[in-house]
Amino acid sequence: MSYRFFLIFAASILAIASGIALGIQQLSAMPEDTVSEQIWAMTLPRTDGKLISLKTFRGKILVINFWAPWCAPCVKEIPDLIALQNEFLNKNVQFVGIGIDSLDNIIKFPIKTWPTYPTLVANIDGVSMAQEFGNKSKVIPFTVIIDGNGNILKTLTGAIKKSNLHNILFGAS
């Protein structure tokens, strides 16, 4: 491995770790009743290492799905989430996956259908993030639906039922 490659790799890991720390710090510092007002301040790395702020999606209905590649129900629901994202794409709805595992584990796990919506990396800290959004049982998959102003409309613990999420989004969009 060349020294230059090592430096680029180390800088990428540092950027991802900084983004995760910033996102977790911003969310965990909030009182529970103001979480929805602070959602837009969260910044996490995508699977390619680029940091993305949730404020990018401000004004849209945001469907955040907390998942992990080793979680069978999480992986099983990805095709339904992709189908719903495609169906509601022109209705001001944006899906975002937040992976609760390391970047390396997320990108190397053999998932048959990879999400076409943005996938962010939160490592194990994603568990506490999901708790801040209302996941008191720490179960994944966990999905939270947020309106364009940052208010939590609905939380869903466990695997989604496509028809149930469709009806929620149809009523919200």
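**Exercise 1.** Classify Asp48 by relative accessibility, then identify the side chain that Asp48 meets in a salt bridge.

*Solution.* Asp48 has 53% relative accessibility and therefore counts as exposed; the classes are buried (under 20% relative accessible area), exposed (over 50%) and partly exposed (in between), with a 1.4 Å probe and protein chains only. The Asp48 side chain meets that of Arg46 in a salt bridge at 2.5 Å, N to O. The term denotes a side-chain nitrogen of Lys or Arg within 4 Å of a carboxyl oxygen of Asp or Glu. Arg46, at 25%, is partly exposed.

The model is predicted: local features require pLDDT of at least 70 and side-chain atom pairs pLDDT 80 or more, while totals for chains, interfaces and linings use all residues. Numbering starts from 1 along each chain as its sequence is written, and side-chain values use heavy atoms, without hydrogens and water.

**Exercise 2.** Determine how many salt bridges the whole structure holds, and describe the one between Asp104 and Lys108.

*Solution.* The search finds 2. Asp104 and Lys108 pair at 3.2 Å, N to O. Both lie in helix α4 (residues 103–108), 4 residues apart, which means a separation of about one helical turn. Asp104 is partly exposed at 39%, whereas Lys108 is exposed at 60%.

**Exercise 3.** Compare the expected and actual spans of helix α3, and locate its bend.

*Solution.* Helices are DSSP runs (H or I, at least four residues), numbered from the N terminus. The expected span is 1.5 Å times one less than the number of residues. For the 17 residues of α3 (residues 72–88) this gives 24 Å, and the end C-alpha atoms are 25 Å apart, which agrees. α3 bends by about 35 degrees at Ile78, with Pro79 following within four residues; the bend is the angle between axes fitted to the seven residues ending there and the seven starting there. Ile78 is among the buried residues of α3.

Terms used. Helix = DSSP H or I, 4+ residues; strand = E, 2+ residues; numbered from the N terminus.
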